[in-house]
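Reader: Hi! Could you walk me through this one?
Author: Happy to, here it is.

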Amino acid sequence: MLKIKNVNTYYGQVHALKNVSLHMSAGEIVTLIGANGAGKTTLLNSLSGIVPPRGGEILFQDVPITNLAPHKIVKMGISQVPEGRQIFKPLSVEDNLELGAYLYHRAKAEKERTKKTADMIYELFPILKERRKQLAGTLSGGELQMLSIGRALMARPRLLLLDEPSMGLAPIVAQEIFQVIENLSRESETTILLVEQNARAALKMAHRGYVLETGRLILEGMAADLLENKEVQRAYLGKDKKEIWER
Amino acid sequence: MNIWDEKNECMSREEIEQLQLERLQAVMNRVHKNVIHYKKIFDNLGIIAEDISSLSDLSKIPFTTKSDLLLNYPYGMFAVPLREVVRIHSSSGTTGKPIVVGYTKNDIKTWSNLVARLMTAAGVTRDDLVQIAFGYGIFTGGFGMHYGAEAIGASVIPMGTGNTEKQLMIMQDYKTTVLVSTPGYALALAEHLEKMGINPNALSLKAGLFGGEPWSEKVREEIESRLMLSATDNYGLSEVIGPGVAGECSCKNGLHIYEDAFIPEIIDPETGKVLPAGHAGELVLTTLTKEAFPMIRYRTGDITCLDYTKCACGRTLARMKKIMRRSDDMLIIRGVNIFPAQIEEIIYSVAQGETPYQIVVERKSGMDNLEIIVEITDKIFALELQKQRSFQENVKKQISAQAGINVDVKLVEAKSILRQNGKITRVIDKRQI
């Protein structure tokens, strides 16, 4: 479904992604793990077109999307749930969701489908239905995250990019969010690329994983195998390993 | 026809290549970071992992040879700290020191699954009784095949090598269905069977997995007709993982290389240039999934060629022909790798100086036999019979201790070994493999 070859992304002079290659099959949950600053969010942003890569190739369903504008990429079926939710707090829950369907707002024929999608999202997150008229600013952290995911789903993506969905949430709320992500993958067959600070939870949920280190992929494998990998264990415990061969 | 890991054995060429590229880039990053040897070499040549943007870029990277492994004896090639290694095996080097290889917990799992693939391809199922007549111990053969058979869920009889009569008794009484051994040992078993007057039809054998040494189609026919089983070849080497690099399917038309775990290349052994598919040359392997002991472009010394056409079994993996010969002078005796230089070192050290000698390899009733003929020189062997005997014993003992095989040592008169242009041919291999 997704194929990335030799992606190189820069912030000015800073080489943030170095020759990254990655693939995803339809229906998979793939997680990206790595320390802060390793380039996880950058990779998501390169995929969604927010920070276009300077080199390399991204194929989505065999179509190159490497230098497309973000809105065109959304149209092709990739939606991103940004880090920190980025919800419009003065707007109601309902309006926030509707913004996610921005792509379809002109087409009359889409109105019905958009409503259906919204209903599906309310079913997935009953609490959002309860609060649909409430201002988003009054929601709790977990509810905001649900709204953020819901908003991304309004564009009816085939590939969902999730950036740190559990950030700032109480463990029990985070658990709930993970459950939703798993259900989403199982029921709607949405393909999910997940960046998560809680690497253990992410690997338990994912089929496969990639490990990023200072902009380079250093490991690919089945999520269960990565959980057993000592280097991964060190990396996601966030401990700074000072081995003699550390460059 | 059963396939153990359909997802990884039946990918499209495009999928295999994408996966290989991802894993190659990752392993290059890992070895550059974690293996002192590669860090030194890459830094000297100015190679960075980002130089690999396609699989063909692999040819820009230098080879890893057996002497690199010896220079880094014992742990210099490890990519993880020793505390993460759960198993250590060895294989013979070109000199006295062996090559040390290590496995993490994940590596053992990977290895088991690779062997399970070749066993499944050879027809082994969970209902089988697998008799493993490979050496258990520091060599990879026994444990590698054992873990693979267990992964499938077959019943494993860990016999080890030798003790032919007991092997046959167990084969008869326990109703062994699958034999795992070297092809040479299979022939020795067949011979013994005939001597004892046992009809091979009375055995329950259905499949035989033979590896550890090169063998021909002729030997296959012979084993199949004498033991009444279906014989398949499998390939591996300790430096790369052990058994589990490649294995034949029931089509018996080449060994499928597990390309999600290894990238095979064929090179001209003289120039080191990569040869196109179909050309015979030396097999070079790069590991993609190993954690403890990754190898980049390891020169196996085995001559073969690759075939990327589709196999009738459904696997999309490239196939390598049965090993044709070696590109170096390594001898494989009963599945054990021996280098003539190793033997020379021992003879010279026991004789305390250079001594004319010759190595003769023969196959006697299916089993390889290595004989060392040493000329009695005046300076050392103007000794009484007693001391000559102890010389013989010493050479035998040293070779058995260092190389792990028993050899015959014969002393002959000075100047009695045939010389051509004044030179002795060091190794005479009389086996018709």
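Reader: Which residues in helix 8 of chain B meet which in helix 9 of chain B?
Author: Pro183(B), Ala186(B), Leu187(B) and Ala190(B) of helix 8 meet Val219(B), Glu222(B), Ile223(B), Arg226(B) and Leu227(B) of helix 9. Meeting means contact, with C-beta atoms placed from the backbone within 7 Å; helices are DSSP runs (H or I, at least four residues), numbered from the N terminus. This is a predicted model: local features need pLDDT of at least 70, side-chain atom pairs count only at pLDDT 80 or more, and totals for chains, interfaces and linings use all residues. Residues are numbered from 1 along each chain as its sequence is written, with chains lettered from A and ligands numbered from 1 in the order written.

Reader: Cool, and in chain A, which residues of helix 4 are buried?
Author: Thr114(A), Thr117(A), Ala118(A) and Ile121(A) are buried (20 or more other C-beta atoms, placed from the backbone, within 10 Å of their own). They cover an arc of only 100° around the axis, taken from the directions from the axis to the C-beta atoms, which puts them on the same side of helix 4 of chain A.

Reader: What covers them?
Author: The cover includes helix 3 (93-100), helix 5 (126-130) and helix 6 (141-153) of chain A.

Reader: And which residues are exposed on the other side of helix 4 of chain A?
Author: Glu112(A), Lys115(A), Lys116(A), Asp119(A) and Glu123(A) are exposed there (12 or fewer such atoms within 10 Å).

Reader: New topic: how many residues of chain A are in contact with chain B?
Author: 20 residues of chain A are in contact with 21 residues of chain B.

Notes
Contact = placed C-beta atoms within 7 Å. Helix = DSSP H or I, 4+ residues; strand = E, 2+ residues; numbered from the N terminus.
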